[in-house]
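Q: Could you take me through one spot in this structure, slowly, and then show me how it fits in with the rest? I'm new to this, so please keep it friendly.

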Amino acid sequence: MSVQWFELPDAEAAAEAAVHFVLGRLEDVLSGSDYATLALAGGPGPQSLFPRLAAARFRWDRVHFFWTDERAVAPDHPDSNYRQAEELLLAPARIGKTHIHRIHGELRPDLAAQRYIEEIREFFGLEEGVQPHFDIVHLGLGRDAHTASLFPGEPLIEDRSGIAAAVYLEKRNSWRVTLLPGALLAARHTMFFTTGEEKAAAVHAVLAEEYDPQRWPAQVITHHGRHVVWFLDRAAAQREQSATSARIEPFPQ
């Protein structure tokens, strides 16, 4: 497992460091390419990340936006990951529609997944069986150690060939569309942003427990991703202090 993680004093400092990381990687990509790609997560993390990204002096017109997952809802629904990004990042940063590649959660889930796969393949010019290489994938972490919409016990956690799929969450009686491990693992950089004491047990499970992705899905990406970086506040990192203090370090300013 090759992974970095940084402990910051509080959630605000962790968000600042995560934004600094994302902007730095995007600048690196754009120094040698006409465009960059960024796949966004939903959940509570974006509430602090997205406004900071939107406020940055950055050439967003060269960045294309995708999503790691989406709920089966319309784009104007309060639960929509797209709506969250639109309100906090895309609209404030004046991102053009041609640079937004959302998951159409208002469609039947299997059709939404297929449409998303087709759009990704067209954008990246992919042949059948080839994975996209997002420049940056932003991920969060649930209390049960899920990431994207890969929840404990989901058979698709073992899928390395597909790009995206519809998944049904029996506990929540709801459908979602998610990127699959193959697409997430192919990303050039992966950034987890996790804060809060309520996430400490899940952080510990992913970083320190024996590898069991059916129980701790985020282990798949953390253990096998290409360049994986975690940004944690002190509360989320509290259980790692004794076992992994040598691996946790302040984020370079």
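**A close look at Leu 139**

A: Let's begin with the company Leu 139 keeps: leaving out residues up to four places away in sequence, it touches Ala 41, Thr 68, Thr 147, Ala 148, Leu 184, Thr 190, Met 191, Phe 192, Phe 193 and Ile 221. Before we go on, keep in mind that this is a predicted model. Leu 139 sits in strand E5, and its relative accessibility is 0%, which is why it counts as buried. You can also check a distance: the C-alpha atom of Leu 139 is 9.5 Å from that of Gly 43, although 96 residues separate the two along the chain.

Now stay with strand E5, which covers residues 136-139. E5 helps to cover the buried residues of helix H2, and the other elements doing that include helix H1 (11-30), strand E2 (36-40), helix H3 (81-90) and strand E8 (189-194). H2 itself runs over residues 46-55, and its buried residues are Pro 46, Ser 48, Leu 49, Phe 50, Leu 53 and Ala 54. Here's a handy bit of background: an α-helix has 3.6 residues a turn, so residues three or four places apart point the same way.

Next, step back to what comes just before E5. His 133 lies in the loop between H4 and E5. Is His 133 buried, exposed or something in between? With a relative accessibility of 33%, it counts as partly exposed, because the partly exposed class falls between the 20% and 50% cut-offs. Setting aside residues up to four places away in sequence, His 133 touches Thr 37, Phe 124, Ala 186, Arg 188 and Arg 226. There's another cross-chain meeting here too: the C-alpha atoms of His 133 and Ala 187 are 4.9 Å apart, while the two residues are 54 positions apart along the chain.

One of those contacts, Phe 124, takes us to the aromatic rings. Phe 124 belongs to a cluster in which ring pairs link it with Tyr 35, Phe 66, Phe 123 and Phe 134. The structure holds 13 aromatic pairs. Take Phe 66 and Phe 123: their ring centres are 5.3 Å apart and their planes meet at 70°, so this pair is edge-to-face. The pair joins distant parts of the chain, with Phe 66 in strand E3 (residues 63-67) and Phe 123 in helix H4 (residues 109-124), 57 residues apart. Phe 66 is buried, at 0% relative accessible area.

Let's follow strand E8 next. Thr 190, Met 191, Phe 192 and Phe 193 are among the residues that Leu 139 touches, and E8 covers residues 189-194. E8 is also one of the elements that the buried residues of helix H6 pack against, together with strand E1 (3-8), H7 and strand E9 (228-233). H6 takes in residues 200-208 and is mostly covered, with seven of its nine residues buried. Those seven are Ala 200, Ala 202, Val 203, His 204, Ala 205, Val 206 and Leu 207.

From H6 we can hop over to H7. Gln 219 lies in helix H7, which covers residues 219-224. Gln 219 counts as buried because its relative accessibility is 0%. Apart from neighbours within four places in sequence, Gln 219 is in contact with Ala 205, Val 206, Glu 209, Glu 210, Tyr 211, Asp 212, Pro 213 and His 224.

For contrast, look at two loop residues. Arg 94, in the loop between H3 and H4, counts as exposed because its relative accessibility is 77%. It has a positive phi of about 60°, although it is not a glycine. Asn 173 also has a positive phi without being a glycine, near 50°. You'll find Asn 173 in the loop between strand E6 (164-169) and strand E7 (174-179), and it counts as exposed at 58% relative accessibility.

Finally, zoom out to the whole protein chain. It comes to eight helices and ten strands, and 55% of its 253 residues are buried. Among contacts with a separation of 6 or more, 75% are between residues 24 or more positions apart. The radius of gyration is 17 Å, which agrees with the value near 18 Å that a compact globule of 253 residues would have.

Key
Residues are numbered from 1 along each chain as its sequence is written. This is a predicted model: local features need pLDDT of at least 70, side-chain atom pairs count only at pLDDT 80 or more; totals for chains, interfaces and linings use all residues. Side-chain values use heavy atoms; hydrogens and water are left out. Helices (H or I, at least four residues) and strands (E, at least two) are DSSP runs, numbered from the N terminus. The radius of gyration is taken over C-alpha atoms; the globule rule is 2.2 Å times the number of residues to the power 0.38. Buried means under 20% relative accessible area, exposed over 50%, partly exposed in between (1.4 Å probe, protein chains only). Contact means heavy atoms within 4.5 Å. Rings of Phe, Tyr and Trp (its six-membered ring) pair if their centres lie within 6.5 Å; planes under 30 degrees apart count as stacked, over 60 as edge-to-face and the rest as tilted.
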